[in-house]
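Work through the exercises below with the model open. Each task is followed by a solution in steps.

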Amino acid sequence: MTKQFSGNPHRYRGIAIWATIALNAWLYAAFASIQYFAYGETWPLGWKPVAIVLVFTAWFARFYYRSMMRLDAQYGTGGSWQLVQRSVKLPELRPAMKRPQR
Amino acid sequence: MLTFLQGVLGPYYLYIKLIHLIAVTAWLWTTAVGYAFYLVPVFKAWRRNPNDLEIIALRDWVMERFDHGVIYEHLAFPVVLLTGPLLWITAGWSPAAGWFLLKLLIVISVFLPIEFCDYYLSHLGGKKQLLRASGDPDRYERGIQRHWWFLLITSAPVVFFGVLVMYLAVVKPF
């Protein structure tokens, strides 16, 4: 029995939400700060950019969560695939030869 | 120094841009087919049948092939990092341009950390061929599962922010 994979929907939800919030907060704060303090631009501090960031954050968190769930086969049963038994030979790179010690 | 570089490199701006775009395209897309049509279906089969030894054998093989194939992406990425600043210098863009600043922040905050991890997982201590050669099956299995965690976490951001960076560079919306 191989080691069980530690991923599960609860963890994916936490990662999606917190990583999205952290990343977007950082990107917005860094962008707005540099634009304001270095170039005197105040437009990033308006309500429209803030609203766009908030809407994007909500959308991306959901997209991120569903992406992880889909990748990890947490949705559906895989019914469109079948497992076919085959006998195969798999090409693998030879291990690097060790130099003989003198 | 900047003026000197602008003088020397300025006439070659379009050539530097061409190399940059070729490298960005290679970095973004060379793993796409192998990932989507080989690695993901096998890993999904493994997640649905976690104790099937034949699926595990194929999973391990496809992961090692992917470690090998990602070399194109990892050769292109330093070219992107080198030609990007050269374009910055020759074109005279500055972070005052919103599109440029956001693009820089995304590269530094999203892609640099992801690629550092990716280099480790595919070519350095996390390389599956090396882990297999160590003769420790538990260590190998941990390496495979760590890489799967990495792909789960990074796939959506890479796809979304990769396309966003190209959009910002071409359309320059703000």
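**Exercise 1. The main core**

Task: Find the largest nonpolar core and name the residues with the most contacts inside it.

Solution. Start with the count: in this predicted model, the largest nonpolar core has 20 residues. Next, pick out the residues with the most contacts inside it. From chain A these are Y64(A) and M68(A). From chain B they are L39(B), V62(B), M63(B), W148(B) and L152(B).

Now assign elements. Chain A supplies two or more residues from each of α1 and α2. Chain B does so from α3, α4 (53–69) and α8 (137–171). The top contributor is α8(B), with 6 residues.

Then look for a second core. Apart from the main one lies another core, of 11 residues. Its members include F31(A), L102(B), I106(B) and V110(B).

As background, nonpolar side chains tend to be buried together in soluble globular proteins.

**Exercise 2. One core residue**

Task: Which residues does L39(B) contact, leaving aside its neighbours within four places in sequence?

Solution. Set those neighbours aside first. What remains is G34(B), V62(B), M63(B) and F66(B). Now compare with the core. V62(B) and M63(B) are also listed, with L39(B), among the residues with the most contacts inside the largest nonpolar core.

**Exercise 3. The contact between chains**

Task: How many residues does each chain give to the contact, and what is the make-up of the chain A side?

Solution. Count each side: 29 residues come from chain A and 27 residues from chain B. On the chain A side, the elements giving two or more residues are α1 (9–39) and α2 (47–71). The largest share, 10 residues, is from α1(A). Sort that side by class: 21 residues are nonpolar, 6 polar and 2 charged.

**Exercise 4. Chain B as a whole**

Task: Describe the fold elements, extent and burial of chain B.

Solution. Begin with secondary structure: chain B has 8 helices and 0 strands. Its C-alpha trace spans about 60 × 30 × 20 Å along the principal axes. Of its 174 residues, 26% are buried. Finish with contacts between residues at least 6 apart in sequence: 76% of them join residues at least 24 apart.

**Exercise 5. Confidence**

Task: Where in chain B is confidence lowest, and where is it highest?

Solution. Take the average first: chain B has a mean pLDDT of 94, and 100% of the residues score at least 70. The lowest element is helix α1 (residues 2–9) of chain B, with a mean of 85. The highest is helix α3 (residues 32–48) of chain B, at 97. For the model, ipTM is 0.91 and pTM is 0.92.

Technical notes. Residues numbered from 1 in each chain as written. Chains lettered and ligands numbered in written order. Predicted model: local features only at pLDDT ≥ 70, side-chain atom pairs only at ≥ 80, totals over all residues. pLDDT = per-residue confidence, 0-100. Helix = DSSP H or I, 4+ residues; strand = E, 2+ residues; numbered from the N terminus. Buried ≥ 20, exposed ≤ 12 C-beta atoms within 10 Å, placed from the backbone. Contact = placed C-beta atoms within 7 Å. Nonpolar A, V, L, I, M, F, W, Y, C, P; charged D, E, K, R; others polar. Core = buried A, V, L, I, M, F, W, Y, C linked by C-beta atoms within 7 Å.
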